[in-house]
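Reader: I'm new to this one, so could you walk me through it and explain the labels as we go?
Author: Sure, let's have a look at it together.

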Amino acid sequence: MANGSVVVSEPCLPHPVFRPNVHFLEESGRHIPNLIEWLLNTPDGQAKAEDVRLAAMRAIDTPAQNRARCARIRGFISHVWSTPEA
């Protein structure tokens, strides 16, 4: 993301800052090749990739909010590690 790339990922844990289909694209593993083909080879896919890329860059490139985002991420990680397994 920080290099201006569009991240494509399998579903993962929720993130306190980055949201799927806003800051990165999320798809099941077996459908990732179709998603990448759509992103690269269609005008709609290219437009979506650019929207996602710009949203991620805006989230990363806001120095005033980086400290707050880091605190949210640390809090999220602490919460996950301190929550007992069911």
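**Confidence and overall layout**

Author: The protein chain has a mean pLDDT of 86, and 86% of its residues reach 70 or more; pLDDT is the predictor's confidence in each residue, from 0 to 100. This is a predicted model, in which local features need pLDDT of at least 70, side-chain atom pairs count only at pLDDT 80 or more, and totals for chains, interfaces and linings use all residues. Residues are numbered from 1 along each chain as its sequence is written, and side-chain values use heavy atoms, with hydrogens and water left out.

Reader: Which elements have the lowest and the highest mean pLDDT?
Author: Among the elements of the protein chain, the lowest mean is that of α3, at 72, and the highest that of α1, at 97. Where pLDDT is low, the predicted coordinates should not be read in detail.

Reader: How many helices and strands are there in the protein chain?
Author: You'll find 3 helices and 2 strands, in the order β-β-α-α-α along the sequence. Helices (H or I, at least four residues) and strands (E, at least two) are DSSP runs, numbered from the N terminus.

**Buried or not**

Reader: What makes Ser9 count as buried?
Author: Buried means under 20% relative accessible area, exposed over 50%, and partly exposed in between (1.4 Å probe, protein chains only). Ser9 has 19% relative accessibility, so Ser9 counts as buried. Ser9 lies in strand β1, residues 8-9.

Reader: And which residues is Ser9 in contact with, leaving aside its neighbours within four places in sequence?
Author: Those are Phe24, Leu25, Glu26, Glu27 and Ile32. Contact here means heavy atoms within 4.5 Å.

Reader: Is His23 buried or exposed?
Author: His23 has a relative accessible area of 9%, so His23 is buried. You'll find His23 in the loop between β1 and β2. Not counting residues up to four places away in sequence, His23 touches Met1, Val17, Phe18, Val52, Ala55, Ala56 and Ala59.

Reader: Why is Ala59 called buried too?
Author: Because its relative accessible area is 7%. Ala59 is part of helix α2. The C-alpha atoms of Ala59 and Phe18 are separated by 7.9 Å, and these residues are 41 apart along the chain. Across the protein chain, 20% of the 86 residues count as buried.

Reader: What about Asn21, in that loop between β1 and β2?
Author: Asn21 has 39% relative accessibility, so Asn21 counts as partly exposed. Asn21 also has a positive phi of about 65°, although it is not a glycine.

**Two helices crossing**

Reader: How do you know that α1 and α2 are roughly perpendicular?
Author: The axes of helix α1 (residues 32-41) and helix α2 (residues 43-60) come within 5 Å and cross at roughly 95°. Axes are lines fitted to C-alpha atoms, for helices over the stretch in contact, and angles run from 0 to 180 degrees between N-to-C directions. Angles under 35 degrees count as roughly parallel, over 145 as roughly antiparallel, 65 to 115 as roughly perpendicular and the rest as oblique. That's why α1 and α2 are called roughly perpendicular to each other.

Reader: Which residues meet there?
Author: From α1, Trp38, Leu39, Leu40 and Asn41 meet Pro43, Asp44, Gly45, Gln46, Lys48 and Ala49 in α2. Trp38 touches Asp44, Gly45, Gln46 and Lys48, not counting residues up to four places away in sequence. With 34% relative accessibility, Trp38 counts as partly exposed.

**The salt bridge**

Reader: What makes Glu50 and Arg53 a salt bridge?
Author: A salt bridge is a side-chain nitrogen of Lys or Arg within 4 Å of a carboxyl oxygen of Asp or Glu. For Glu50 and Arg53, the closest N and O atoms are 2.9 Å apart, and the two form a salt bridge. The structure holds 1 salt bridge. Side chains of opposite charge can pair when their charged atoms come close.

Reader: And how are Glu50 and Arg53 placed in helix α2?
Author: They are 3 residues apart, so about one helical turn separates Glu50 from Arg53. Glu50 counts as partly exposed at 34% relative accessibility, and Arg53 is partly exposed with a relative accessible area of 24%.
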